[in-house]
There are 2 protein chains.
Amino acid sequence: MTVPKTAADAAKVSRPVAGQDLDASSDDGLLHLGELSGLLGYSLKRAQLKVFEDFLRCVAPLQLTPAQFSVLLLLDQNPGRNQTEIASTLGILRPNFVAMLDALESRELCARMRSASDRRSHILVLTDKGRAVLARAKKLVANKHEARLIELLGPENHAALLEMLAKIAREF
Amino acid sequence: MTVPKTAADAAKVSRPVAGQDLDASSDDGLLHLGELSGLLGYSLKRAQLKVFEDFLRCVAPLQLTPAQFSVLLLLDQNPGRNQTEIASTLGILRPNFVAMLDALESRELCARMRSASDRRSHILVLTDKGRAVLARAKKLVANKHEARLIELLGPENHAALLEMLAKIAREF
DNA sequence: CGACGTTTGATATAATCAATAACAATTATC
DNA sequence: GATAATTGTTATTGATTATATCAAACGTCG
């Protein structure tokens, strides 16, 4: 019997009756994740979604996405760089970075300046407003977002987690 | 001077000359990630992309995405469930799950069966082919994908990482 | 029974994100 | 100076995620 002839058959042979459960199901309506919980990619994805969700909530007053925040941070710490350099560092493809910059520039958070030495490239600079927004965003992220994560995991676990994730991103 | 008048000015004041660097930049062409490396969401995302990329490579002979693999796994361990139950467990919205199932069903990896007790719902079952593909996929994932991860991190670190990610997904 | 609200799978559609090809302007190489 | 390579940009495609809506089927309650 490859596929049961009727759905009743399928349900019959497949779902153990309560009391016959041998695993941790405990029939609370939740499904068995089974080997899924041991799959790193799965947990990684679910955790990432949760973290991004919380990031958006915490920084909502400034209307910044994680990607936009990372751009502002990078611009602040790497002045004098062009679009290709910033985009590739963040793993953003150059074509997709154009619209991102347009959005930030239209909000006057950063500006493109033609380079004097290479007139093809645009040097990216934070505006004063951009620096101010970044400063406020950093505070929100540190005090609301990361603080909650550190509280949940404990400081040393949080540090160990960061270290392992960085290692995966770097060496895997 | 909010925004430098010329890009030369911007580059001049902003980029420290080699030898004046006070941080870990060491002018190797790489940009300073700075506080970005301390941002959990950022490392999480980068690591997740790497892991998914490797997953796709390892399971390429079976042409399965991580999402498809998770569906097959869940079907195997939760027989007799309908689309809504499987989709919501995986965080997939019901409308988006339809096309996903169409693809799996067209490859004869699973089948929809009308339930006898509730003729609205479709009971999802793995076909024999689906079970065979899943078994082969599990081996590839365990021997090629997860094995490399465990080797990189060490078994106890790998377990600790899984635990923390699950905690974030669950409680954050 | 019959009206009403709910659930299930499905469709259509929009928004976002990611990826490739191609182009003009400019620079580098030989 | 001819040719190749780089930079920012546009256009376009595909994948992913999200919302609204629908018909069929179920449940409840009068």
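A polar contact is a pair of N or O atoms within 3.5 Å; within protein, one atom must be able to donate a hydrogen and the other to accept it, and residues adjacent in sequence count only if both atoms are side-chain atoms. Keep that in mind as we visit two DNA strands, one helix and one threonine.

This is a predicted model, in which local features need pLDDT of at least 70 and side-chain atom pairs count only at pLDDT 80 or more, while totals for chains, interfaces and linings use all residues. Residues are numbered from 1 along each chain as its sequence is written, chains are lettered from A and ligands numbered from 1 in the order in which they are written, and side-chain values use heavy atoms, leaving out hydrogens and water.

**DNA strand D**

A residue is near a strand if one of its heavy atoms lies within 4 Å of it. Around DNA strand D there are 17 residues, and those that come nearest are A:Gln83, A:Thr84, A:Arg112, A:Arg120 and B:Arg119. By type, the residues of this surface divide into 4 nonpolar, 6 polar and 7 charged. Here Ala, Val, Leu, Ile, Met, Phe, Trp, Tyr, Cys and Pro count as nonpolar, Asp, Glu, Lys and Arg as charged, and the others, Gly among them, as polar.

Helices are DSSP runs (H or I, at least four residues), numbered from the N terminus. Helix H4 (83–89) and helix H5 (94–106) of chain A, together with helix H5 (94–106) of chain B, each supply at least two residues of the surface near DNA strand D. The largest share, 3 residues, comes from H5(A).

**DNA strand C**

DNA strand C is surrounded by 16 residues, the closest being A:Asn96, A:Arg119, B:Thr84, B:Arg112 and B:Arg120. They divide into 4 nonpolar, 6 polar and 6 charged. Of the atoms of DNA strand C within 4 Å of the protein, 60% belong to sugar or phosphate and the rest to bases; for DNA strand D, the sugar or phosphate part is 57%.

Here are some polar contacts to the two strands.

| Protein atom | DNA atom | Distance |
|---|---|---|
| A:Lys45, side chain | strand D, phosphate oxygen | 3.3 Å |
| A:His122, backbone | strand D, phosphate oxygen | 3.0 Å |
| B:Asn96, side chain | strand D, base nitrogen | 2.9 Å |
| B:Arg112, side chain | strand C, phosphate oxygen | 2.6 Å |
| B:Arg120, side chain | strand C, base oxygen | 2.7 Å |
| B:His122, backbone | strand C, phosphate oxygen | 3.0 Å |

**Helix H7 of chain A**

Buried means under 20% relative accessible area, exposed over 50%, and partly exposed in between (1.4 Å probe, protein chains only). The buried residues of H7(A) are A:His158, A:Leu161, A:Leu162, A:Met164, A:Leu165 and A:Ile168. They cover an arc of only 170° around the axis, so they sit on the same side of H7(A); the arc is that of the directions from the helix axis to the C-beta atoms. An α-helix has 3.6 residues a turn, so residues three or four places apart point the same way. The face turned away from the buried side of H7(A) carries the exposed residues A:Pro155 and A:Glu156. Among the partners of the buried residues are helix H6 (128–153) of chain A and helix H7 (155–171) of chain B.

**A threonine in chain B**

B:Thr89 belongs to helix H4 of chain B and is buried, with a relative accessible area of 19%. Its side chain reaches the backbone oxygen of B:Glu85 at 2.7 Å. Leaving aside residues up to four places away in sequence, B:Thr89 touches A:Leu31, A:Leu33, A:Tyr42, A:Arg46 and B:Leu74, where contact means heavy atoms within 4.5 Å.
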